[in-house]
Each structure stands twice: as structure tokens, then as C-alpha cells.
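Subject: Handing over the structure

Hello,

Here is the structure I promised to pass on to you. Have a look at it first, and then read on for what turned up in it.

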Amino acid sequence: MKKEALELVRKIYHSLKWDITHGDLEEIFNGAKTQAKFFCEKLIEENKDKQEKYEMLLSEIEKVKFQMV
């Protein structure tokens, strides 16, 4: 789950990095992390049968640090 969380945050981060023009990469990272958490919350709502899986992913997203990206 840790790998999936990191990959999700990385993908969102790299996508946002090119779309946002200011240079504060850590702020962009925090936005990517927030988007990843939002995405997981929506998956939990829509997939009650996989709720535990997405809750674990959500907790792993919380552990991702800027230095890991």
C-alpha cells in the first residue's frame, strides 16, 4: 500500500508541477497530497466493498513526505 500511495501522490504532484506557475514545490506537493486524499475518500464512498483497502491507502498517503517525491 505504501508504494501505491507514493505513486498516486507523485503522479498528481508531477501533473500539478507543470500546471502551476509559482515556484513553491512544497506547496504544490501539499496540494497533490490533498487531492490524493480527496480521491481516496471518493473511492471509499463509491466502493463500500473495498473500504478497508482505500482507508489503508488514505493512511499511507498521510505518511508521504515531500522528500520522498
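Let me start with one residue, Glu62: at 41% relative accessibility, Glu62 counts as partly exposed. Please keep in mind that this is a predicted model.

Glu62 is a good way into the structure, as this residue forms a salt bridge with Lys37, with the closest N and O atoms 3.1 Å apart. Glu62 lies in helix H3 and Lys37 in helix H2, so the pair ties together parts that are 25 residues apart in sequence. Lys37, at 21% relative accessibility, also counts as partly exposed.

How do H2 and H3 lie relative to each other? They pack at an angle of about 170°, and their axes are 9 Å apart. An angle over 145 degrees counts as roughly antiparallel, and H2 and H3 are therefore roughly antiparallel to each other. On the H2 side, the contact is made by Lys33, Ala36, Lys37, Cys40, Glu41, Leu43 and Ile44. On the H3 side, the residues are Gln51, Tyr54, Glu55, Leu57, Leu58, Ile61 and Glu62. By class, this contact of H2 with H3 has 8 nonpolar, 1 polar and 5 charged residues.

Two of the H2 residues deserve a look of their own. Leaving out residues up to four places away in sequence, Cys40 touches Leu8, Tyr54, Leu57, Leu58 and Ile61. On the same basis, Ile44 touches Gln51, Tyr54, Glu55 and Leu58. Ile44 has 11% relative accessibility and so counts as buried.

Next, the nonpolar core. The largest one has 18 residues, and those touching the most other members are Leu8, Val9, Ala36, Cys40, Leu57, Ile61 and Val64. Helix H1 (2-19), H2 and helix H3 (51-63) are the elements that give two or more residues to this core. H2 gives the most, with 7 residues. As background, nonpolar side chains in soluble globular proteins tend to be buried together.

Back to the charged pairs: how many salt bridges does the structure hold? There are 3. Besides the Glu62 and Lys37 pair, Glu45 and Lys42 meet in a salt bridge (3.3 Å, N to O). These two are 3 residues apart in helix H2, which means that about one helical turn separates them. Glu45 is partly exposed at 49% relative accessibility, and Lys42 is partly exposed at 33%.

Lys63 and Glu60 also form a salt bridge through their side chains (3.3 Å, N to O). They are 3 residues apart in helix H3, so about one helical turn lies between them. Glu60 is buried, with a relative accessible area of 16%.

Enjoy exploring it!

Best wishes

Technical notes. Residues are numbered from 1 along each chain as its sequence is written. This is a predicted model: local features need pLDDT of at least 70, side-chain atom pairs count only at pLDDT 80 or more; totals for chains, interfaces and linings use all residues. Side-chain values use heavy atoms; hydrogens and water are left out. Buried means under 20% relative accessible area, exposed over 50%, partly exposed in between (1.4 Å probe, protein chains only). Contact means heavy atoms within 4.5 Å. A nonpolar core is a set of buried Ala, Val, Leu, Ile, Met, Phe, Trp, Tyr and Cys residues joined through side-chain atoms within 4.5 Å. Helices (H or I, at least four residues) and strands (E, at least two) are DSSP runs, numbered from the N terminus. Axes are lines fitted to C-alpha atoms, for helices over the stretch in contact, and angles run from 0 to 180 degrees between N-to-C directions. Angles under 35 degrees count as roughly parallel, over 145 as roughly antiparallel, 65 to 115 as roughly perpendicular and the rest as oblique. Ala, Val, Leu, Ile, Met, Phe, Trp, Tyr, Cys and Pro count as nonpolar, Asp, Glu, Lys and Arg as charged, and the others, Gly among them, as polar. A salt bridge is a side-chain nitrogen of Lys or Arg within 4 Å of a carboxyl oxygen of Asp or Glu.
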